[in-house]
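Hi,

Here is the structure I said I would pass on. Have a look at it first, and then read my notes underneath.

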Amino acid sequence: MKRKLRMGMVGGGNDAFIGAVHRIAAFMDGKIELVCGAFSIDPQISKQSGEDLFVAPERVYLNYEEMIEKESLLPEGERMDFVTIVTPNFLHFAPAKLALEKGFDVVVEKPMTVSVEEAKELQETVERTGRTLCLTHTYSGYPMVKQAKAMVKEGHFGKIRKIVVEYPQGWLSRLSEREGNAGAAWRADPKRSGKSLVMGDIGTHAAHLAEYVSGLKIQELCADLTTFVEGRLLDDDGSVLLRFENGAKGVLMASQISAGEENAVRIRIYGEKGGLEWANEDPNNLIIKMLDQPRQLYRTGNAYAAPYTLSSFATHNTRVPAGHPEGLLESFANIYRNFAATVTAKREGKTPTAEQQDFPTVYDGVRGMAFIDTVVKNNEGTEKWTKFVL
Ligand code: NAD
């Protein structure tokens, strides 16, 4: 394909938070252009957003149904190639399903849906249509997260025993949903957010990161959810004990009432021979702690000699020379770049490389929804451990 991939957006208008981040990430490598959108629930805001983004007025649609239908009738040379869905959680499934059915690839925000049933239906649709669905679990795009995964996979730490993953935020320490914060309002509303606030909003990121880096699947869990802020309709804090498939044990903490915290995602993994530590607020560093050795600091973008050479997955996802900070936008862009390369390769009848296929998919989305369901079920029930059922 000798052209850019054409992107349409559902949500992400001037009234939105994450949509703009998606556009920066999508455009970073010059392989994607925005051609259409139904940018907001409010048609006026959608129209204005389209104008601000220089989208042709006739391709700023009233709603996602009209957009997907009308785009599917355009000639191949014009119509969008994929849809990015950046609406509140309850509005992911319907546009994703419709887009896949009409022959479009999809980028969708987490949590993928609001129920396991919907998630499984999307999985079936992806498998039947052969389309590509990318789920934006942001933290898996960082080069040092890729390096951590590669080192676990090559057995650097021996058999993995312990996985500790944390995602504390402080921004919901007050009842912001009643104070005019639109993002807080839909997140704290069970009808628009799903069964759990904290697990849907950030717990799924932590669970995905734990499984992604360790390469191990959660098998059962024991959860404790709390609503600390009076008047809130959903939980705002959670602690979960995890049992992984090889006997490894884990702890997951996701909290939105950790007053003063920003986005302090952190993962630590320990094996028989040593461990690793990575933190979102210092993302170019990967700390390696081996038994009986001084600590090592792996840094993004270095051409280390063997045996310290950075993995092909880390270097593939590195953009600037060592010492120049890379962050969330680049990590997000890595997810888009790998998605775009995979979509392009598939259309050209080629097989994407392993590095290009390295982005979260519909299967991660199904696991994310099963994670939320299992946590809520365990928290509400009386059994000590609840099996993670897909
Ligand atoms: P937001 O409330 O700021 O924006 C939502 C947007 O969707 C708005 O533009 C709104 O008008 C639009 N919208 C609502 N209904 C619509 C409809 N029927 N048709 C078209 N547009 C519609 O929300 P946000 O913070 O941007 O979050 C959006 C999604 O992104 C959520 O699922 C959230 O969980 C996810 N998110 C992910 C990350 C991440 O790190 N990956 C970060 C933030 C948010």
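Before anything else, a word on domains: the bounds I use below come from an automatic or database domain assignment. Please also keep in mind that this is a predicted model.

So where does the ligand lie with respect to the two domains? Domain 1 covers 5–139 + 334–361 and domain 2 covers 142–322 + 368–380; each of them gives residues to the shell around the ligand, so the ligand lies between them. As for pockets, the ligand sits in the largest one. Three elements give two or more residues to the shell: β1 (5–11), α7 (182–187) and α9 (197–214).

Now for the shell itself. There are 26 residues around the ligand, and the ones that come nearest are Asp15, Phe17, Asn89, Thr138 and Trp186. If you sort the shell by residue type, you get 11 nonpolar, 10 polar and five charged.

Which backbone atoms should you look at beside the ligand's oxygen atoms? Try these three:

- Ile18, with a backbone N or O atom 2.9 Å from an oxygen atom of the ligand
- Ile41, where the distance from a backbone N or O atom to a ligand oxygen is 3.1 Å
- Thr87, which has a backbone N or O atom 3.2 Å from an oxygen of the ligand

How much of the ligand does the protein bury? On its own the ligand exposes 850 Å², and 90% of that is buried by the protein.

Away from the ligand, a few bits of backbone geometry caught my eye. Two peptide bonds leading into prolines are worth a look on screen. One runs from Lys110 to Pro111 and is cis, with omega near -15°; you will find Pro111 in the loop between β4 (105–108) and α5 (116–129). Ala306 and Pro307 are also joined by a cis peptide bond, with omega about 5°, and Pro307 is placed in the loop between β13 (296–299) and α10 (312–316).

Last one: what is the sign of phi at Phe54? Phi there is positive, near 60°, and this is a residue other than glycine. Phe54 belongs to the loop between α2 (43–52) and α3 (64–73).

That's my list. Shout if you have questions.

Cheers

Methods
Residues are numbered from 1 along each chain as its sequence is written. This is a predicted model: local features need pLDDT of at least 70, side-chain atom pairs count only at pLDDT 80 or more; totals for chains, interfaces and linings use all residues. Side-chain values use heavy atoms; hydrogens and water are left out. A residue is near a molecule or strand if one of its heavy atoms lies within 4 Å of it. A polar contact is a pair of N or O atoms within 3.5 Å; within protein, one must be able to donate a hydrogen and the other to accept it, and residues adjacent in sequence count only if both atoms are side-chain atoms. Accessible areas come from the Shrake-Rupley method with a 1.4 Å probe; for residues, only the protein chains shown count as cover. On a 1 Å grid over the protein atoms alone, a cavity is a set of points where a 1.4 Å probe fits but cannot get out, and a pocket is an open set with protein on both sides within 12 Å along at least five of seven lines; lining residues have an atom within 4 Å of a point. A molecule sits in a cavity or pocket if more than half of its atoms lie within 2 Å of its grid points. Helices (H or I, at least four residues) and strands (E, at least two) are DSSP runs, numbered from the N terminus. Ala, Val, Leu, Ile, Met, Phe, Trp, Tyr, Cys and Pro count as nonpolar, Asp, Glu, Lys and Arg as charged, and the others, Gly among them, as polar.
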